[in-house]
Amino acid sequence: MIVGGFYGDEGKGKIASYLALKDSANLMVRGGVGPNAGHSVSWKGRTYKMRMLPSGFVNPECRLLVGPGVLVDPNIFLKEVTDLGVEHRAGVDPQCAIIEADHIERDRGSDYLKKKIATTGTGCGPCNVDRVARIAKLARDVPQLKQYIVDVPLETNTAIDDGKNVILEGTQGTFLSLFHGTYPYVTSKDVTAGSIAADVGVGPKKIDDVLIIFKAYVTRVGEGPLAGEITEEDATEKGWAEVATVTGRSRRAAPFDFNLTKRAVMLNGATQIAITKMDTVFPECKNSKSFHDLPKEATKFIKKIEDVTKIPVTLLGIGPSVEDIIDRREEQ
Ligand code: IMP
Ligand code: MG
């Protein structure tokens with residue numbers, strides 16, 4: 001399982017797509033909230049922004065499923081399926097709740113949601129409200145989705161039991177969790193490892209590894225606390241200025257936060273760590289081929305993370321493309 005350790009935008013799309021290729025994933029299943037997520041995948045000179053389908057599409061052998069806990073916007077789902085030409089390997093659970101125009105209007109039209117919380121405006125919060133009220137429409141009621149409907153928990157558990165390679169892709173980040181995050185500046189659901197498992201219908205004992213992803217600095221979009229926040233000018237100077245995938249807003253930025261890291265590892269029961277954007281903070285990383293090639297400050301930083309969390313940092317992002325990764329699992 002892959003989860004986000006900060007406030008989303010840690011680079012989950014890049015890590016998920018790398019693992020889909022490297023670990024020959026047979027199945028990748030999306031958990032998390034819904035199309036408020038935007039996972040960027042830079043692959044063969046193009047950048048894809050995934051909002052509904054798992055990032056494992058880069059591996060043509062990988063099935064791409066959406067678990068029943070995830071909210072589905074049929075327009076976005078169907079467009080992604082067609083744009084990527086993955087009609088034959090995409091599936092959605094009949095129990096996914098459906099985002100309708102009214103949810104988007106309620107999200108964007110509410111001063112509280114739009115202005116105070118600064119949501120993504122994708123209708124996710126109001127749709128989860130309707131799901132809890134048990135009035136939301138489900139994927140099984142949408143004729144356009146008919147050809148994609150599959151029993152996702154059954155297919156996922158069967159694949160695990162058959163020894164296939166299965167990756168569960170979480171979205172958002174630990175501190176956007178409705179339960180564990182910076183309430184009320186959070187998303188409309190828990191998004192830690194326990195909930196991602198529930199989103200796809202896999203019990204906790206079947207998860208071999210929880211890989212938590214952190215970026216080498218912290219960003220967040222929308223409102224809410226951000227310890228050590230720097231100004232937009234400083235972020236630009238450091239090369240940390242980013243634009244949000246879904247909303248196009250500027251992301252706020254802060255230095256790497258060891259306290260959040262330690263707590264996120266605890267909340268997710270993480271067993272491994274990936275650190276992305278190492279090359280942004282330590283530019284000489286770009287040319288490194290292995291952990292031992294990294295500049296000294298970079299190895300010191302990684303060792304400190306391992307010291308604080310007591311789990312290994314196994315993957316390091318050193319460039320934008322899917323392949324720009326140092327994989328320390330190979331050094332063992
Ligand atoms: P909502 O999930 O659209 O209701 O937005 C609630 C808060 O979560 C806002 O601060 C959003 O910016 C943030 N958020 C939700 N999904 C993501 C994501 O995938 N990446 C980054 N921030 C997110
Ligand atoms: Mg994102």
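The exercises below, each with a worked solution, deal with a predicted model of a protein and its ligand.

**Exercise 1. The surroundings of ligand 1**

Determine how many residues surround ligand 1, and how they divide into nonpolar, polar and charged.

*Solution.* Begin with the shell itself, which holds 15 residues, the closest being Asp 9, Asn 36, Thr 120, Thr 187 and Arg 249. Next, sort the residues of this shell by character, which gives seven nonpolar, six polar and two charged.

**Exercise 2. Polar atoms facing the ligand**

Find the distances from atoms of ligand 1 to side-chain N or O atoms of Gln 172 and Arg 249, and to a polar side-chain atom of Thr 187, then work out what percentage of the ligand's area the protein buries.

*Solution.* Start from the oxygen atoms of the ligand: one oxygen atom is 2.7 Å from a polar side-chain atom of Thr 187, and an oxygen atom is 3.0 Å from an N or O atom in the side chain of Arg 249. Then turn to nitrogen, where a nitrogen atom of ligand 1 is 3.2 Å from an N or O atom in the side chain of Gln 172. Finally, consider the area: ligand 1 taken alone exposes 470 Å², of which the protein buries 96%.

**Exercise 3. Two helix pairs**

Classify the packing of α3 with α5 and of α9 with α11, and give the handedness of each crossing.

*Solution.* Two packed helices are described by the angle between their axes and the distance between the axes. For helix α3 (residues 101-109) and helix α5 (residues 124-132), the axes come within 7 Å and cross at roughly 120°. The helix α3 is therefore oblique to α5, and their crossing is right-handed. For helix α9 (residues 258-268) and helix α11 (residues 296-309), the axes are 9 Å apart and the packing angle is about 50°. That angle makes α9 oblique to α11, and the crossing of α9 and α11 is right-handed.

**Exercise 4. Backbone geometry in two loops**

Locate Pro 184 and Ser 24, and state what is notable in the backbone at each.

*Solution.* Most residues other than glycine have a negative phi, and most peptide bonds are trans. Pro 184 lies in the loop between β7 (166-169) and α7 (193-200), and the peptide bond leading to Pro 184 from Tyr 183 is cis, with omega near 5°. Ser 24 belongs to the loop between α1 (12-22) and β2 (27-30), and the phi of Ser 24, a residue other than glycine, has a positive value near 45°.

Methods: Residues numbered from 1 in each chain as written. Chains lettered and ligands numbered in written order. Predicted model: local features only at pLDDT ≥ 70, side-chain atom pairs only at ≥ 80, totals over all residues. Heavy atoms only, no water. Near = heavy atom within 4 Å. Polar contact = N/O pair within 3.5 Å; in protein donor to acceptor, adjacent residues only side chain to side chain. Areas by Shrake-Rupley, 256 points an atom, 1.4 Å probe, with all protein chains shown as cover. Nonpolar A, V, L, I, M, F, W, Y, C, P; charged D, E, K, R; others polar. Axes fitted to C-alpha atoms, helices over the stretch in contact; angles between N-to-C directions. Helix = DSSP H or I, 4+ residues; strand = E, 2+ residues; numbered from the N terminus. Parallel < 35°, antiparallel > 145°, perpendicular 65-115°, else oblique. Left-handed = near helix turned anticlockwise from the far one by under 90°.
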